[in-house]
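Walk through the fold below, strand by strand, and then look at the space enclosed within it.

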Amino acid sequence: MKKILALVMAIMMMVVAAGCGGGNEKSSGSGSAAGGEKKITMGFSQIGAESEWRTANTESVKQAAKDAGIELQFSDAQQKQENQIKAIRSFIAQGVDIIAFVPIVETGWDTVLKEAKDAKIPVIVVDRDVKLADDSLYVAKIGTDSVKEGQNVFKWLDEYMKKNNKTPRAGGDQFQVVVLEGTVGSSVAIRRQEGFKNAMAESADGKKFNILASQTGEFTRQKGQEVMESFLKSDRDKIDVLFAHNDDMALGAIQAIEAAGLQPGKDITIVSIDGVKGIFQAMIDGKANCTVECNPLQGPLLMETAKKILKGEKVEKLVYVDEGIFPADVAEKTLPERKY
Ligand code: GYE
C-alpha cells in the first residue's frame, strides 16, 4: 500500500513539474505575442533623414524592432529638437514601456527626461550623446566613439601625406586643411572636431597642418557642396585637405571641387567619417581617399538592451558598437560586403 502511494505521489509530482516547465517556456517567449507575454512598446524619436548613414540607422532600428517582436512608435523630428521633445512627451502620455531617442544636440534634455523618469519610463540614448546635470535620467547609451573617429582621421591623414610625399600646393611648410562640420551643437560634431584637433596637437607632425577654415555643412550633401564652394572661392589654390565630419558632406564637396576645375582625391585629399556605400564608390573612382567607419546598425543592440532593462536585468551604461577604417585602396574589395 505504502509503495503504491509513493508511486502515485511520484507520478503526481512529475506531472506538476512538467506543467510548470511548459508554463515557464511560454512566459520566457521574449516579449513576442506568441510567447503569451504583453508586447513591449517602444517610443523612438529619430532626428530625420539628413544622410545615407541616418537612413541606414532608421532601417536598422525598424527591422530590429520587427525581429524582436517589439511594437515601435517611430517619430521623425525633421531636424528639430522641439519636435523631439514633443514626441517624447507624447510617448510619456501614451504610456509606452520604454523610450529611445537620438539627441540631435547635446543639451536641453533635462526637463523632458525628468518627466519620463517621474512617469517611470526608462530611457535609452541612441547614437549621439547628451549632457545632463543628472545622468540617472537615462538607463543606457548605445552609440559610437566620436572622439576616436576624429583621432583616427588625423592619424590616417598624417601617414598618408608622408607616405605619398605630398607637399603643400601653395608652397610653405604647412598643409592647409578645411573642415566641414556636422550639426552645430551635436555631440558628434563637437567630439569629432575635438578628436581631430587633439590628435593634431599631440602629434610630432601636428605643426605641418593648419586648419584654414572650418564651418558647418549640417551633415547634408547639399550644404556640404555649398560650403565647399565658398571655401574654394576664397582659397581655391591653397586647400590641400578636406576633412568632412560625414561622407555625405564629402560627396557634396566633391562636386564643388570638380566644378572649380580641381581633382578631388588628388589636388585635395579627402577624408570623411561614416563608411556609406556612396563614399566607397567615390574612392573606387579615385575621388576620395579614406573613410573612418561609424556604424549605424545599432537596432539589434538597442532592442536587446530594451528587453534586458524591462526584465530588470543590469545593463552597461555605455556601449560602443564596432568600427573600422577604410582607405581607398581597399574600397573595391570592400564595397560588395558593405551593408549600408
Ligand atoms: O555621422 C552623420 C549623421 O550621429 C553619427 O549623423 C551620427 C552622424 C553621422 O547624419 O552622417
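Two strands count as paired if DSSP finds at least two bridges between them. The model shown is predicted. With that rule in hand, begin at strand β1 (residues 41–46), which runs parallel to strand β3 (residues 98–101) and is joined to it by 4 bridges. Within this pairing, S45 has F101 in β3 as its bridge partner.

Both strands belong to an open sheet of 6 strands, ordered β2-β1-β3-β4-β5-β11, in which the pairing is parallel. At its edges are β2 (71–76) and β11 (318–320), each of which pairs on one side only. From one strand to the next, the twist averages 20°. Helix α3 (residues 81–94) packs on this sheet and touches β1, β2 and β3, with a direction that makes about 170° with that of β1. Another helix, α10 (residues 299–310), lies across β1, β2, β3, β4 (123–127), β5 (140–143) and β11. The angle at which α10 runs to β4 is about 165°.

Now turn to the other sheet. It too is open and has 6 strands, in the order β7-β6-β8-β9-β10-β12, but its pairing is mixed. The edge positions go to β7 and β12 (325–327), and each of these strands pairs on one side only. Here the twist averages 15° from one strand to the next.

At one end of this order, strand β6 (residues 175–181) pairs with strand β7 (residues 209–216) in the parallel sense, over 7 bridges. V177 stands opposite I211 in β7. What do these two strands make together with helix α6 (residues 187–202)? β6, α6 and β7 form a β-α-β unit that is right-handed. Helix α6 also packs on the sheet, where it touches β6, β7, β8 (241–244) and β9 (269–274). Its direction makes about 175° with that of β7.

At the other end, strand β10 (residues 290–293) and β12 run antiparallel and are joined by 3 bridges. There V292 stands opposite I325 in β12. Helix α9 (residues 277–284) lies across β9, β10 and β12, running at about 155° to β10.

Return to α6 to follow one of its residues. R191 has its place in this helix. Which residues does R191 touch, leaving aside those up to four places away in sequence? They are E106, D129, S146 and V147. R191 and S146 are 45 residues apart along the chain, yet their C-alpha atoms are separated by 5.4 Å.

The last step concerns enclosed space. Rolling a probe the size of a water molecule over the atoms shows where empty space is left. Counting cavities of 30 Å³ or more gives 1. The largest cavity holds about 80 Å³ of space. Its lining consists of E50, S51, W53, R54, D127, R128, V188, R192, F219, N246, D274 and C294. The elements that give two or more residues to this lining are α2 (52–68) and α6. Is the lining mostly charged or nonpolar? It divides into 6 charged, 4 nonpolar and 2 polar residues. Helix α6 thus appears in each part of this second half of the tour: in the β-α-β unit, as the place of R191, and in the lining of the largest cavity.

Definitions and conventions. Residues are numbered from 1 along each chain as its sequence is written. This is a predicted model: local features need pLDDT of at least 70, side-chain atom pairs count only at pLDDT 80 or more; totals for chains, interfaces and linings use all residues. Side-chain values use heavy atoms; hydrogens and water are left out. A crossover is right-handed if, with the strands pointing away from the viewer, the path from the first strand over the helix to the second runs clockwise. Axes are lines fitted to C-alpha atoms, for helices over the stretch in contact, and angles run from 0 to 180 degrees between N-to-C directions. Contact means heavy atoms within 4.5 Å. On a 1 Å grid over the protein atoms alone, a cavity is a set of points where a 1.4 Å probe fits but cannot get out, and a pocket is an open set with protein on both sides within 12 Å along at least five of seven lines; lining residues have an atom within 4 Å of a point. Grid points are joined across faces, edges and corners, and a volume is the space filled by probe spheres set on the points. Ala, Val, Leu, Ile, Met, Phe, Trp, Tyr, Cys and Pro count as nonpolar, Asp, Glu, Lys and Arg as charged, and the others, Gly among them, as polar.
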